[in-house]
Amino acid sequence: MKKLILSAMTVMLLFSCQNDQTESGTPATNAIAHRGCASQEVLAAQLAADPTLAIRMNQIEAFTQKAMLTGRLVNGKVEIPVVVNVLYKTAAENISDAQIQSQIDVLNEDFTGTNADFGSVPALFSGVKANVGITFVLQNIVRKSTRTTSFSTNDAMKTANKGIAPTSPTTVLNMWSCNLGGGILGYAQFPGGSSATDGVVIDNNAFGRTGTVSGVYNLGRTATHEVGHWMNLRHIWGDATCGSDLVSDTPTHDTANYGVPAYPHYSTCTGTPVEMTMNYMDYTDDRGMYMFTNGQKARMDAIFVSGGARAGFGI
């Protein structure tokens, strides 16, 4: 069974991640060879800048584990209001309302198990595939022209100076669409971070499933992956060889998977389990990921109950 206990030191180790980034304002071509999520790298920088963050995250983790053990999960409906902040230098980066709504539609499908490919989950994992039961409603779209060619992971897009400050981040999920450099598709802030930078950032070419989306990241699953982080999920391989994602019903993975691996794809970790490459928290192409598990659902639910890190969203 996966070890589900964090210490301040293991927090630092779990959240290291290899990702490229560009400095804000530096021209860059965003040719993405494979999925790049900078959430763990951003968290590592935040932990280094604010030593108290590790303490807060350990408290959140302890609360989460207790909530899952006692069944103290959300009783009722969790509906997430969303504000999408669009930063653009070119007309193409000023993504349409229709493209934005397509992303909201994808989130609603993926988090309620109504996605068309949900039925593709292999029989081996059918007993743990989950309807998370969380829905999303587009509350507002904020647009702003920028002179910045590409943004990095330094959160400049979240500031009033270079970007758009978040709207009511304790009760609203803020998403930023912009041109991300360095081959990064997106990143999220985990529960416990500053409200001034809370939310999810997605490259405009991976936002939604219509309009400017391109390549193998054209189904809106980048946002599903990043919102999973925002709801306290880790990468499925635990950001370590045969690491733990703190969820008991996901197999232990060697490392990240890319593309669309042929099923079954075996791990070389203890027990050589079949890896759950179709999980949203792996690094596969959009068409290769299409499920959360019951354990991941329980983990996400726990942050919305009274006393949870995102209790302001619970209804």
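**View 1. Helix α3 meets helix α6 in this predicted model.** From α3, the residues in contact are Glu 61, Phe 63, Thr 64, Gln 65, Ala 67 and Met 68. From α6, they are Gly 295, Ala 298, Arg 299 and Ala 302. Sorted by class, this contact holds five nonpolar, three polar and two charged residues.

**View 2. The axes of α3 and α6 cross at an angle of about 120°.** Helix α3 covers residues 52–70, and helix α6 covers residues 294–302. Their axes lie 9 Å apart. How are the two helices oriented to each other? An angle counts as roughly perpendicular from 65 to 115 degrees and as roughly antiparallel over 145. The angle of about 120° falls in neither range, and α3 and α6 are therefore oblique. Their crossing is right-handed.

**View 3. Five strands build an open sheet.** The strand order is β2-β1-β3-β5-β4. Pairing in the sheet is mixed. Which strands form the edges? They are β2, residues 134–145, and β4, residues 186–188. Each of these pairs on one side only. On average, neighbouring strands are turned by 20° against each other, direction ignored.

**View 4. Strand β3 sits between β1 and β5 in the sheet order.** Strand β1 spans residues 78–88 and runs parallel to β3. Five bridges join the two. One pairing links Val 86 to its bridge partner Ser 177 in β3. Towards β5, residues 200–203, there are four bridges, and this pair is parallel as well. Here Met 175 has Val 200 as its bridge partner. Cys 178 stands opposite Asp 203 of β5. In general, strands of a sheet pair through backbone hydrogen bonds.

**View 5. Both faces of β3 are covered.** Is this strand, residues 173–178, largely enclosed or open? Six of its six residues are buried, so β3 is largely enclosed by the rest of the structure. Buried here means under 20% relative accessible area. In a regular strand, side chains alternate between the two faces of the sheet. On one side of β3 are Leu 173, Met 175 and Ser 177. On the other are Asn 174, Trp 176 and Cys 178. Ser 177, the bridge partner of Val 86, is thus shown here among the buried residues of β3. Met 175, which pairs with Val 200, is buried on that side too.

Terms used. Residues are numbered from 1 along each chain as its sequence is written. This is a predicted model: local features need pLDDT of at least 70, side-chain atom pairs count only at pLDDT 80 or more; totals for chains, interfaces and linings use all residues. Side-chain values use heavy atoms; hydrogens and water are left out. Buried means under 20% relative accessible area, exposed over 50%, partly exposed in between (1.4 Å probe, protein chains only). Two strands pair if DSSP finds at least two bridges between them. Axes are lines fitted to C-alpha atoms, for helices over the stretch in contact, and angles run from 0 to 180 degrees between N-to-C directions. Angles under 35 degrees count as roughly parallel, over 145 as roughly antiparallel, 65 to 115 as roughly perpendicular and the rest as oblique. A crossing is left-handed if the near helix is turned anticlockwise from the far one by less than a right angle, and right-handed if clockwise. Contact means heavy atoms within 4.5 Å. Ala, Val, Leu, Ile, Met, Phe, Trp, Tyr, Cys and Pro count as nonpolar, Asp, Glu, Lys and Arg as charged, and the others, Gly among them, as polar.
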